[in-house]
Amino acid sequence: MYRISELAGIVGLSRSTLLYYEKIGLITAKRQANGYRQFTELDVQKLRLLLQLQSGGLTLKECQDCMEAKIDREQLTQRLNALDAEIMQKEKSRALLAALLGMDSMRAWHQTLESQAPEAHLNWLMKQGFSEKQALRLKWLSKDMNAHEEYMAEFERIFEGLERLGPGSDADTQRALTMMPSLSGELLEVGCGKGVATAVIQKHSQFAITALDNDEYCLCCLKENFVSHRESGNVKTVCASMTDMPFSQHQFDVIWSEGSAYIMGVQQAIEQWKYFLKPHGLMVLSDLVWLTDAPDAKVRTYWQHHYPDMSSVAQRIQMMEQSGFKLVENYQLSPEAWKNYLQPLKTKIDQLDENTFSSNALSDIRAEIEFHNKYLGQYGYQIFILERK
């Protein structure tokens, strides 16, 4: 026979817990003449059975049911399924903590957050110490915060000296200019890079051009190119964020963005940049879109991984109209535009020694080129010319 304090010590439970178990009938005390409770060896064994059942994740009520009657298999199956779900969630939590500590990749987490909360994602990355340039590229490039610095250094090494960082051609840029009712006024080019499109706009129009990029080196390349050709009179550069541009409301007649709007999200870019556009002003931008309703499964998986917001031309136009714009014209970027990007890039990487790269930057770009060569046509860039309503 055991007093309650002795029983508590044997089974490792508190006195108040044992009193509650007595109240609900799990154990039964015998009262002595002096009023003390006494418990038997059977009570000890009941409590040990209870503890074993609880270790399986059962609630107290479920444990009591199992002890007092035949096991309810359906009830236990439900509890097992719930426990499996809890374990899965805890594994996800552990994986995230491990990634934040640099023990694992954050690629999947970045992708999920980017699709659900892109602006908060960008702000959070910058709070972690990344520059805006790094944070924007991290969103769509390496997707791995812990390996990002090395990856980006090697990525920039690969593209060093190349004129284009993405598909484009002078003819495609000039084609958009021919569709404009006027070729004068104030034009803002967002994400101008080294000024390849800037030069075409400057040559074939009378726009006063403001070329904006957050990469000071690219802007230096742009300025050197224009100065060498003595054509910089109507072009000024601004080093600033495309997400926080230092301009006034309704300042520009045209906003132009080739290959950069999707970095911050096309819909977010359109809605945010509209503030700087005059009523009935024009916006020219390109976006990667589906060119078929039935892409190969491999292709769909690839772009779900690299650009989950990609949509069809019709879907993009619908979104643009809902954001306060009227479609003026749209057309597909030419094969020449892709050739201008892919051929010099392939020539460059063929000259590089893979053994001198520590990150996946070189192998990723090589895989990208092979992918485009095989599947380009199921997707491609589309130029959209929009008028603000």
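Here is a short back-and-forth on how some labels in this predicted model are earned.

User: What should I keep in mind about the numbering and the model?

Analyst: Residues count from 1 along each chain as its sequence is written, and side-chain values use heavy atoms, with hydrogens and water left out. The model is predicted, so to speak of local features takes pLDDT of at least 70 and side-chain atom pairs count only at pLDDT 80 or more, while totals for chains, interfaces and linings use all residues.

User: Why is the contact between Lys278 and Asp253 called a salt bridge?

Analyst: The label needs a side-chain nitrogen of Lys or Arg within 4 Å of a carboxyl oxygen of Asp or Glu. Lys278 and Asp253 meet at 3.2 Å, N to O, so the pair fits that rule. Lys278 sits in strand E8 (residues 277-290) and Asp253 in strand E7 (residues 252-257), so the bridge ties together parts 25 residues apart in sequence. Helices (H or I, at least four residues) and strands (E, at least two) are DSSP runs, numbered from the N terminus.

User: What makes Lys278 partly exposed?

Analyst: Buried means under 20% relative accessible area, exposed over 50%, and partly exposed in between (1.4 Å probe, protein chains only). Lys278 comes in at 29%, so it counts as partly exposed. Asp253 has 24%, so it gets that label too.

User: How do you know whether Asp287 and Arg316 are buried or exposed?

Analyst: Asp287 has 0% relative accessibility, so it counts as buried. Arg316, at 4%, is therefore buried as well. Their closest N and O atoms are 2.5 Å apart, in a salt bridge. Asp287 belongs to strand E8 and Arg316 to helix H16 (residues 313-322), so this pair connects parts 29 residues apart in sequence.

User: Which residues make up the salt-bridge network?

Analyst: Asp287, Asp309 and Arg316 are joined into one network by salt bridges that share partners. The whole structure has 10 salt bridges. Another one of them pairs Lys326 with Glu387 at 3.6 Å, linking strand E10 (residues 325-332) to strand E11 (residues 379-388), 61 residues apart. With 45% relative accessibility, Lys326 counts as partly exposed.

User: Why do E1 and E3 count as paired?

Analyst: Pairing takes at least two DSSP bridges between two strands. E1 and E3 (residues 37-39) have 2 bridges and run antiparallel, so they qualify. Tyr2 stands opposite Phe39 in E3.

User: What makes E1 and E2 edge strands?

Analyst: The open sheet of 3 strands has the order E1-E3-E2, with antiparallel pairing. Strand E1 (2-3) and strand E2 (30-31) each pair on one side only.
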